[in-house]
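Let's take a walk through this one together, starting with its rings and ending at its surface. Have the viewer open so you can follow along.

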Amino acid sequence: MKKILILSLSVVLFLSCENKSTLQKYFVKNSESSNFITLDLTSNILKTDKIALTETDKEALNSFEKINILAYKSVSTATVQYENEIKEVKAILKEETYQQLMKFGSGNDGAAIYFVGNDDEHIEEFVVLAGKKENGFAVVRVLGNDMNPTHIMNMLNLLQKSNLDLEQLKPLQQLMK
């Protein structure tokens, strides 16, 4: 009886382990690859100590935790690799976990914004996929608690008003070259 219980528990545990691709797994898998640039930014990238923050600004800042960026720099000799990588990301973003908010451009040239959350007022993650075949693509994950689209707009305004810590963005310069 004990052996049957252990065997049953083992089977349940084995079957419950999902092997589904996620953006988190994709980031981890590619973070050490020389084809990718990874960057993790925290809320301290915004130097807001010298600007007056409204209650709405404070609320937006408090909902924000961090930003993860994974960028693939396209090389003219590796178009098949580019196609495979962008296809993998798009397949992950087609999962029901990710809800598309808006899309710009067409095909592989453009951008799309997705979110993860129960509804558009309690968002845990915003995802931006942007790319151009000649340059490459980037996946940006904005992670937080109970974010909403207004918070994101307020964060963008704060980015413009604040003294941005550009040191944290240095790794992205490789992508721009």
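**Rings, core and a charged patch**

Count the aromatic pairs here and you get six. Keep in mind that this is a predicted model. Take Phe-36 and Phe-137 to begin with: their ring centres sit 6.4 Å apart and the planes meet at 75°, which is over the 60 degrees needed, so this pair goes down as edge-to-face. Phe-36 belongs to strand 1 (residues 36-42) while Phe-137 belongs to strand 7 (residues 136-147), so the contact ties together parts that are 101 residues apart in sequence. Both Phe-36 and Phe-137 are buried.

Phe-137 has another partner. With Tyr-72 it makes a stacked pair, at 5.5 Å centre to centre and 20° between the planes. Tyr-72 comes from strand 3 (residues 64-73) and Phe-137 from strand 7, so here the parts tied together are 65 residues apart in sequence. Is Tyr-72 buried or exposed? Its relative accessible area is 1%, so Tyr-72 counts as buried. Phe-137 also has a relative accessible area of 1%, and is buried because the cut-off is under 20%. Zoom out a little and you'll find one aromatic cluster made up of Tyr-26, Phe-36, Tyr-72, Tyr-82 and Phe-137.

Now for the overall layout. The protein has six helices and eight strands. Going along the sequence, they follow the pattern α-α-β-β-α-β-α-β-β-β-β-α-β-α. As for burial, 35% of the protein's 177 residues count as buried.

Strand 7 also leads us out to the surface. Asp-146 lies in that strand, and with a relative accessible area of 46% it is partly exposed, because that value falls between the 20% and 50% cut-offs. Its backbone is worth a look too: Asp-146 has a positive phi of about 50°, although it is not a glycine. For context, most residues other than glycine have a negative phi.

Which residues gather with Asp-146 in a patch of negative charge on the surface? They are Asp-119, Glu-121 and Glu-124. Asp-119 sits in the loop between strand 5 (109-117) and strand 6 (123-132). At 33% relative accessibility, Asp-119 is partly exposed. That value also clears the patch cut-off of over 30% relative accessible area, so Asp-119 meets the accessibility condition for patch membership.

Definitions and conventions: Residues are numbered from 1 along each chain as its sequence is written. This is a predicted model: local features need pLDDT of at least 70, side-chain atom pairs count only at pLDDT 80 or more; totals for chains, interfaces and linings use all residues. Side-chain values use heavy atoms; hydrogens and water are left out. Patches are made of residues with over 30% relative accessible area and no salt bridge: like charges are joined within 9 Å, nonpolar side chains (Val, Leu, Ile, Met, Phe, Trp, Tyr) within 5 Å. Accessible areas come from the Shrake-Rupley method with a 1.4 Å probe; for residues, only the protein chains shown count as cover. A salt bridge is a side-chain nitrogen of Lys or Arg within 4 Å of a carboxyl oxygen of Asp or Glu. Lys and Arg count as positive and Asp and Glu as negative; His and the chain ends are not counted. The place of a charge is taken as NZ of Lys, CZ of Arg, CG of Asp or CD of Glu. Helices (H or I, at least four residues) and strands (E, at least two) are DSSP runs, numbered from the N terminus. Buried means under 20% relative accessible area, exposed over 50%, partly exposed in between (1.4 Å probe, protein chains only). Rings of Phe, Tyr and Trp (its six-membered ring) pair if their centres lie within 6.5 Å; planes under 30 degrees apart count as stacked, over 60 as edge-to-face and the rest as tilted.
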